[in-house]
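Please open the structure in your viewer and keep the sequence panel beside it. The tour below proposes one selection after another and says what is to be found at each stop.

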Amino acid sequence: MEVLRTPDERFRDLVDFPFSPHYINIDDEDGGNLRMHYIDEGASDGEPLLCMHGQPNWSYSFRKMIMPLAEAGFRVIVPDIVGFGRSDKPTKRSDYTFARHVAWLRSFIEGLDLKNINLIAQENKEIKIINADNTFANTNKHPEYWRLIGNVSFTVSYTHLTLPT
């Protein structure tokens, strides 16, 4: 699979985005690997809170939520879905299938060894991807991976959320 990679200097000096990049190599489902970017903030032993962006966004869309959630005790993990942000971008439209997005997310979650995940999804598509995978991420078949699933609208201010103590 041929991929494009946006140079890191394109992400310098972004407003309100002081987060260090983290990368993990995942199976591209075509005999190679893809580099997937993610933000990882908060206590390493905190409850994992996985924030999934929608299309055409990237992790930047969660920039104002990350620190308040981390300060509330969560380990906040915000990946850039393959094809977006700092993650690799396959060059062929045919590389972007629903099945591959499911597999890429599964590979990401397994690679970080995440369990009891609290999920915030920006769009319903991310929840569909998670529930589509009958071998891993289906919330009914594998409840050990998923604790809480929520969908957010960015038209609602995050400051009105009540965070668990």
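Begin by selecting helix α2, which in this predicted model has 14 residues and reaches 20 Å from its first C-alpha to its last, close to the 20 Å expected at 1.5 Å a residue. Within α2, colour Arg100, His101, Val102, Ala103, Trp104, Leu105, Ser107, Phe108 and Ile109, which are buried. Just after the helix, select Asp113, which takes a positive phi of about 55°.

Stay in α2 and centre the view on Phe108, which counts as buried because its relative accessibility is 0%. Which residues is Phe108 in contact with, leaving aside its neighbours within four places in sequence? They are Ile24, Ile26, Met36, Tyr38, Leu50, Ile77 and Pro79. Add Tyr23 to the view as well: Phe108 and Tyr23 are 85 residues apart in sequence, yet their C-alpha atoms are 10.0 Å apart in space.

Now widen the selection to the largest nonpolar core, which has 36 residues and in which Ile26, Leu50, Val76 and Phe108 are those with the most contacts. The elements that give two or more residues to this core are β2 (22-27), β3 (33-41), β4 (48-52), α1 (63-71), β5 (75-79), α2 (98-111) and β7 (117-121).

From the core, move to strand β5, where five of the five residues are buried. Look along the strand and follow the alternation of its side chains: Arg75, Ile77 and Pro79 point one way, Val76 and Val78 point the other way, and all of them are buried. Next, show the strands that pair with β5, taking β3 to begin with, which pairs with β5 in the antiparallel sense over four bridges; here Ile39 has Val78 as its bridge partner in β5. Then show β4, which pairs with β5 in the parallel sense over three bridges, and find Leu50 standing opposite Ile77. With α1 added to the selection, β4, α1 and β5 can be traced as a right-handed β-α-β unit.

Keep β4 on display and select β7, since these two strands pair in the parallel sense over four bridges. Leu50 is again a useful landmark, as its bridge partner in β7 is Leu119. Why can β7 be described as largely enclosed by the rest of the structure? Five of its five residues are buried, and the cover extends to both faces, with Ile117, Leu119 and Ala121 on one side and Asn118 and Ile120 on the other. Pick out Asn118 in β7, which counts as buried because its relative accessibility is 3%, under the 20% limit. From Asn118, draw a distance to Phe74, 44 residues away along the chain, and the two C-alpha atoms will be found separated by 9.3 Å.

Turn next to the loop between β4 and α1 and select His53. Is His53 buried or exposed? With a relative accessible area of 0%, His53 is buried. Its side chain reaches two backbone atoms: the oxygen of Asn57 at 3.0 Å, and the nitrogen of Ile81 at 2.9 Å.

For a contrasting environment, go to helix α1 and select Met67, which counts as partly exposed because its relative accessibility is 32%, between the limits of 20% and 50%. Not counting residues up to four places away in sequence, Met67 touches Phe19 and Glu41. Gly42 is worth adding here, as Met67 and Gly42 are 25 residues apart in sequence and 7.7 Å apart in space from C-alpha to C-alpha.

Finally, zoom out and colour the whole chain by secondary structure, which comes to three helices and eight strands. Traced from the N terminus on, these elements run β-β-β-β-α-β-β-α-β-α-β. Switching the colouring to burial, one should find that buried residues make up 45% of the 165 residues in the chain. If contacts between residues at least 6 apart in sequence are then drawn, 73% of them join residues at least 24 apart.

Notes. Residues are numbered from 1 along each chain as its sequence is written. This is a predicted model: local features need pLDDT of at least 70, side-chain atom pairs count only at pLDDT 80 or more; totals for chains, interfaces and linings use all residues. Side-chain values use heavy atoms; hydrogens and water are left out. A nonpolar core is a set of buried Ala, Val, Leu, Ile, Met, Phe, Trp, Tyr and Cys residues joined through side-chain atoms within 4.5 Å. Buried means under 20% relative accessible area, exposed over 50%, partly exposed in between (1.4 Å probe, protein chains only). A polar contact is a pair of N or O atoms within 3.5 Å; within protein, one must be able to donate a hydrogen and the other to accept it, and residues adjacent in sequence count only if both atoms are side-chain atoms. Contact means heavy atoms within 4.5 Å. Two strands pair if DSSP finds at least two bridges between them. A crossover is right-handed if, with the strands pointing away from the viewer, the path from the first strand over the helix to the second runs clockwise. The expected span of a helix is 1.5 Å times one less than its number of residues.
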